[in-house]
Amino acid sequence: MKKLLSLILALTMLLALTACGTTEKPQTGAVPEASEEAISSEAPDGEEKEAVKIAVLKGPTALGALHMMDLAEKGETPDNYEFTLAGSPDEILGSIIKGEFDIAAVPTNMSSVLYNKTEGAIQLLALNTLGVLYCVENGESVNSVADLKGKTVYCVGQGATPEYALKYLLTKNGLDPEKDLTIQFKAEAAEAAALLAEGEGIAVLPQPFVTAAMAKNENLRIAFDFNEEWEKLGENSAITMGCVIVQKKFAEENPEIVERFLQSYEQSVNFSNSDETLAQAAELAVNYGIIPAAPIAQKAIPKCSIVFIAGDMMKSITEEFLNILFEANPASVGGKLPEADFYYNAK
């Protein structure tokens, strides 16, 4: 993962030199610096603020939006951002398909599923989370993917990136996901983490739930890191956990609003990633019920691979990841790969 993040940072500098991206600022890589600009609380040229309905998930995909959510409650964002915080993708998918949310943070593979379900009515705005998956064990029996044979594994994200990443790794390590082990899916990471903490067991969890679970039970240990196992396979891609999508019609009718959102969102990501504002971000994560305690949040947030990647780099990384998922299971991306119009502001 370190090699991959270094590559992303190098590409970011290259794109900055060629002036690609959604704003005049360079696209942000794996660990963005804190923005010196505050998010503007005024609509441009005295215009009335527009209402923008935004859905985010209670987990790593929401952590980059913490500052925006806080400012939105105070009325200090350039448009009226109305946030809905959901516990799982299933809670918001129907509403996204119906067009009830203008913008949403979802698992990356689901962005492709939604594009296909809506016949191209969804566009990908930015990647917001890279790999944050870990196999966590209450015990000492698992040290590799192959060691999961014969085991029962709790897993979150059925129909989303965690399920398909797990099954892909299992298959590549010679295991049949349907026969060689038992996978029990849980609706929310908090539920899987609680079961793991109560007794012996194995779970596939994203950050920040890994750090939170391990803080409650000293017997828990990380059996393996999905990013490291992915790199062992020699894949020229990243596990891209989360992204931000927009209704294509909304983007076409409101390009200025979308650009303001992207600028605000990038600054919010910088806020979560900056050492100077980490303590504030941790308090917000607790206030919004994403992480149970501030000390845990301060440890977990830097491990959550929060990013802002837009434009051409977003397209390149996403295409490679979706191609791998499609080859493993076409249903994981909605039956077919998205067309070029799926990628907002990318060539």
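**Exercise 1. Determine which residue of E11 is the bridge partner of Leu 127, and describe the setting of E11 in this predicted model.**

Solution.

Step 1. The bridge partner of Leu 127 in E11 is Ile 309.

Step 2. This pair belongs to the contact between E4 and E11, two strands that run antiparallel and are joined by 2 bridges.

Step 3. Consider next the two faces of E11. Ile 306 and Phe 308 lie on one side, Val 307 and Ile 309 on the other, and all of them are buried. Both faces of the strand are therefore covered.

Step 4. Ser 305 is found in the loop between helix H13 (294-300) and strand E11 (306-309). Ser 305 has a positive phi of about 50 degrees, although it is not a glycine. Because its relative accessibility is 17%, Ser 305 counts as buried, the cut-off being under 20%.

**Exercise 2. Establish how E3 is paired and whether its residues are buried or exposed.**

Solution.

Step 1. On the side of E1, E3 is joined by 2 bridges, and the two strands run parallel. Ala 55 stands opposite Ala 104 in E3.

Step 2. E3 is also joined to E10, here by 5 bridges and in the antiparallel sense. In this pairing, Ala 105 stands opposite Val 244 in E10.

Step 3. Both senses are possible in principle, because strands of a sheet pair through backbone hydrogen bonds, either parallel or antiparallel.

Step 4. Of the 5 residues of E3, 5 are buried, so the strand is largely enclosed by the rest of the structure.

**Exercise 3. Characterise the packing of H4 against H5, and identify what covers the buried residues of H4.**

Solution.

Step 1. Begin with the geometry. The axes of helix H4 (residues 90-97) and helix H5 (residues 108-117) come within 11 Å and cross at roughly 35 degrees. The crossing in which H4 passes H5 is right-handed.

Step 2. Turn to the residues that meet. H4 contributes Leu 93, Ile 96 and Ile 97, whereas H5 contributes Met 110, Leu 114 and Lys 117. By class, this contact has 5 nonpolar residues, no polar residues and 1 charged residue.

Step 3. The buried residues in H4 are Ile 92, Leu 93, Ser 95 and Ile 96. Leu 93 and Ile 96 thus appear both in the contact with H5 and among the buried residues.

Step 4. The cover over the buried residues of H4 includes H5 together with strands E1 (51-57), E2 (80-86), E3 (103-107), E4 (122-129) and E10 (242-247).

Step 5. Just after H4, Gly 99 takes a positive phi of about 80 degrees.

Step 6. A further positive phi, of about 55 degrees, belongs to Glu 119, which is not a glycine. Glu 119 is placed in the loop between H5 and E4. Because its relative accessibility is 77%, Glu 119 counts as exposed.

**Exercise 4. Describe the open sheet that contains E5 and E8, and state which helices lie on it.**

Solution.

Step 1. The sheet is open and has 5 strands in the order E7-E6-E8-E5-E9, with mixed pairing. Its edge strands are E7 (182-186) and E9 (220-225), each of which pairs on one side only. From one strand to the next, the twist averages 30 degrees.

Step 2. Within this sheet, strand E5 (residues 133-138) and strand E8 (residues 201-206) pair in the antiparallel sense over 6 bridges. Glu 137 has Ile 202 in E8 as its bridge partner.

Step 3. Helix H7 (residues 189-198) packs on the sheet and touches E5, E6, E7, E8 and E9; its direction makes about 150 degrees with that of E8. Helix H6 (residues 161-172) lies across E5, E6 (152-156), E7 and E8, and runs at about 140 degrees to E6.

Step 4. The loop between E8 and helix H8 (209-216) holds Pro 208. A cis peptide bond joins Gln 207 and Pro 208, with omega about 5 degrees.

**Exercise 5. Summarise the protein as a whole in terms of secondary structure, burial, contacts and exposed area.**

Solution.

Step 1. The secondary structure comes to 14 helices and 11 strands.

Step 2. Of the 347 residues, 57% are buried.

Step 3. Among contacts with a separation of 6 or more, 78% are accounted for by residues 24 or more positions apart.

Step 4. The protein exposes about 14,800 Å², of which carbon and sulfur atoms supply 47%.

Notes:
Residues are numbered from 1 along each chain as its sequence is written. This is a predicted model: local features need pLDDT of at least 70, side-chain atom pairs count only at pLDDT 80 or more; totals for chains, interfaces and linings use all residues. Side-chain values use heavy atoms; hydrogens and water are left out. Axes are lines fitted to C-alpha atoms, for helices over the stretch in contact, and angles run from 0 to 180 degrees between N-to-C directions. Helices (H or I, at least four residues) and strands (E, at least two) are DSSP runs, numbered from the N terminus. A crossing is left-handed if the near helix is turned anticlockwise from the far one by less than a right angle, and right-handed if clockwise. Contact means heavy atoms within 4.5 Å. Ala, Val, Leu, Ile, Met, Phe, Trp, Tyr, Cys and Pro count as nonpolar, Asp, Glu, Lys and Arg as charged, and the others, Gly among them, as polar. Buried means under 20% relative accessible area, exposed over 50%, partly exposed in between (1.4 Å probe, protein chains only). Two strands pair if DSSP finds at least two bridges between them. Accessible areas come from the Shrake-Rupley method with a 1.4 Å probe; for residues, only the protein chains shown count as cover.
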